[in-house]
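Welcome, and thanks for bringing your viewer along. Load the model, switch to a cartoon view, and follow the stops below in order.

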Amino acid sequence: MRTAVVIGANGQIGRPAVRALERDGWEVTAASRGGGRDASWGEGVRTARLDRSDEAGLAALVGDGCDLVVDVVAFTAAHGRQLTALADRVGSAVVISTVAVYEDDAGRGFDTQEQPDGFPHYPVPMAETQPTVAPGDASYATGKAGLERELLAAGDRLPTTLLRAGAVHGPHSPLPREFWFVGRNLDGRRRRVLSYRGDSRFHPAGARNIAELVRLAAARPGSRVLNAVDPDAPTVAEIGVAVDAVMGVETETVLLDGPPAGSVGGTPWSVPLPTVLDMSAAERELGYRPLASYAEGVAETVEWLAATARGRDWRECFPTLAGAYPDLLDYAAEDAWLAEHDA
């Protein structure tokens with residue numbers, strides 16, 4: 001039996017990755033900080049408690065060896081070195097990276113977005129050959145770039161597939177972007193404002209589609225980088241339509257020319273220029289076929305969000321989201337803008 005260790009198994013990507021590997025015949029150890037057992041996991045899955053920063057704990061978990069390590073929660077070059085230190089006991093690895101590592105031909109990336117003319121001008125669609133930011137400790141993007149460099153340098157010692165994910169959606173997300181729409185619908189808001197005329201495109205990535213890439217890469221080890229997103233890149237307006245369809249509501253969308261007016265019209269996908277990824281390399285190298293379009297895959301996210309937040313303070317439900325987007329549901333500002341717009 002092939003053996004796999006999944007680090008970060010209780011998260012939005014880890015859960016479907018464990019299930020995908022189990023269905024494919026792997027004997028899986030699902031490791032997470034909490035170590036709790038998911039009731040839907042079968043007999044081929046055992047659980048373990050692991051703090052990702054605990055090098056000794058990680059080494060003990062791998063033990064005498066395993067065929068595969070899937071790391072959902074590696075963020076830095078140090079994490080990459082932790083994995084390569086185990087190369088003599090691990091057959092191959094699949095590690096989640098991010099679209100944030102890309103920079104455009106003028107050196108603009110996610111870290112320069114707030115600067116004048118700082119938003120990156122990416123090609124559409126963007127392939128894995130696009131330049132990336134320099135590795136370092138300054139940001140999420142530079143940390144992930146360092147992680148990639150460490151793992152790719154290992155080469156055949158630890159064949160690693162790095163999956164550059166877009167805007168991930170799925171149940172159990174700590175940063176559920178779709179709540180921008182779900183929260184408004186739960187609160188009975190039937191008008192919403194979208195900046196950039198609702199045309200922003202920041203490529204989403206369904207957790208189940210990412211898990212399918214994990215499954216395929218596990219069966220075909222190699223040292224490679226692949227994009228990991230949904231087969232379509234809907235506009236933010238189209239995302240709203242998809243969420244409304246799941247919740248059975250109709251909403252009027254008011255379009256704002258240009259950027260958000262303060263907090264009004266800004267969403268977690270609201271970007272002035274598109275970020276759209278090319279998936280042809282995954283299709284070519286792994287025989288990948290997506291399991292769901294965005295509209296198909298987002299349904300389970302919306303249902304989970306609605307069930308989790310209904311009747312509760314959304315900030316308590318999703319503290320990471322509240323920290324990243326404190327004005328996510330700024331109804332007072334929205335109403336004031338709409339009143340002025342209608343006058």
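How many of the five residues of S10 are buried? Keep that in mind as you select strand S10, residues 224-228. This is a predicted model, and in it five of the five residues of S10 are buried, leaving the strand mostly covered.

**Stop 1: the two faces of S10**

Show the side chains of S10. Arg224, Leu226 and Ala228 point one way, while Val225 and Asn227 point the other way. In a regular strand, side chains alternate between the two faces of the sheet. Here the residues on both sides are buried.

**Stop 2: the neighbour, S6**

Now add strand S6, residues 160-165. S6 and S10 run parallel and are paired through five bridges. To find one of the contacts across the pair, pick Arg164: its bridge partner in S10 is Asn227.

**Stop 3: the whole sheet**

Zoom out and colour the strands. You should be looking at an open sheet of seven strands, paired in parallel, with the order S3-S2-S1-S4-S5-S6-S10. S10 forms one edge and strand S3 (45-49) the other, each pairing on one side only. Look along the sheet and follow its twist, which averages 20 degrees from one strand to the next.

At the S3 edge, select strand S2, residues 27-32, which is joined to S3 by five bridges in a parallel arrangement. Ala30 is a handy marker, as it stands opposite Thr47 in S3.

**Stop 4: a helix across the strands**

Next, select helix H4, residues 140-154. H4 lies across S5 (90-98), S6 and S10. Relative to S5, the helix runs at about 160 degrees.

**Stop 5: the enclosed helix H1**

Move on to helix H1, residues 14-23. Why can H1 be called largely enclosed by the rest of the structure? Because seven of its ten residues are buried. Select them by name: Gly14, Arg15, Pro16, Ala17, Val18, Ala20 and Leu21. These buried residues pack against strands S1 (3-7), S2, S3 and S4 (66-71), and also against helix H6 (207-219). Just past the end of H1, click on Gly25, where phi is positive at about 95 degrees.

**Stop 6: a pocket and a cavity**

Turn on a surface or a cavity display. Rolling a probe the size of a water molecule over the atoms shows where empty space is left.

Begin with the second largest pocket, whose volume is about 230 Å³. Its lining has 16 residues, and Pro16, Arg19, Arg23, Arg208 and Glu300 are the ones nearest its centre. H1 and H6 each give at least two residues to that lining.

How many cavities of 30 Å³ or more does a search of the whole structure find? One. The largest cavity has a volume of about 70 Å³. Among its 13 lining residues, Gly206, Ala207, Arg208, Gly297 and Glu300 lie nearest the centre. Helices H6 and H9 (294-309) are the elements that contribute two or more residues to this lining. Keep Arg208 and Glu300 selected for a moment: they are listed nearest the centre of the pocket and nearest the centre of the cavity.

**Last stop: the cysteines**

Finally, select Cys66 and Cys317. Cys66 is buried, with a relative accessible area of 9%, and Cys317 is buried too, at 15%. A disulfide is a covalent bond between the sulfur atoms of two cysteines. The structure holds zero disulfides.

Notes. Residues are numbered from 1 along each chain as its sequence is written. This is a predicted model: local features need pLDDT of at least 70, side-chain atom pairs count only at pLDDT 80 or more; totals for chains, interfaces and linings use all residues. Side-chain values use heavy atoms; hydrogens and water are left out. Two strands pair if DSSP finds at least two bridges between them. Helices (H or I, at least four residues) and strands (E, at least two) are DSSP runs, numbered from the N terminus. Axes are lines fitted to C-alpha atoms, for helices over the stretch in contact, and angles run from 0 to 180 degrees between N-to-C directions. Contact means heavy atoms within 4.5 Å. Buried means under 20% relative accessible area, exposed over 50%, partly exposed in between (1.4 Å probe, protein chains only). A disulfide is a pair of cysteine sulfur atoms within 2.5 Å. On a 1 Å grid over the protein atoms alone, a cavity is a set of points where a 1.4 Å probe fits but cannot get out, and a pocket is an open set with protein on both sides within 12 Å along at least five of seven lines; lining residues have an atom within 4 Å of a point. Grid points are joined across faces, edges and corners, and a volume is the space filled by probe spheres set on the points.
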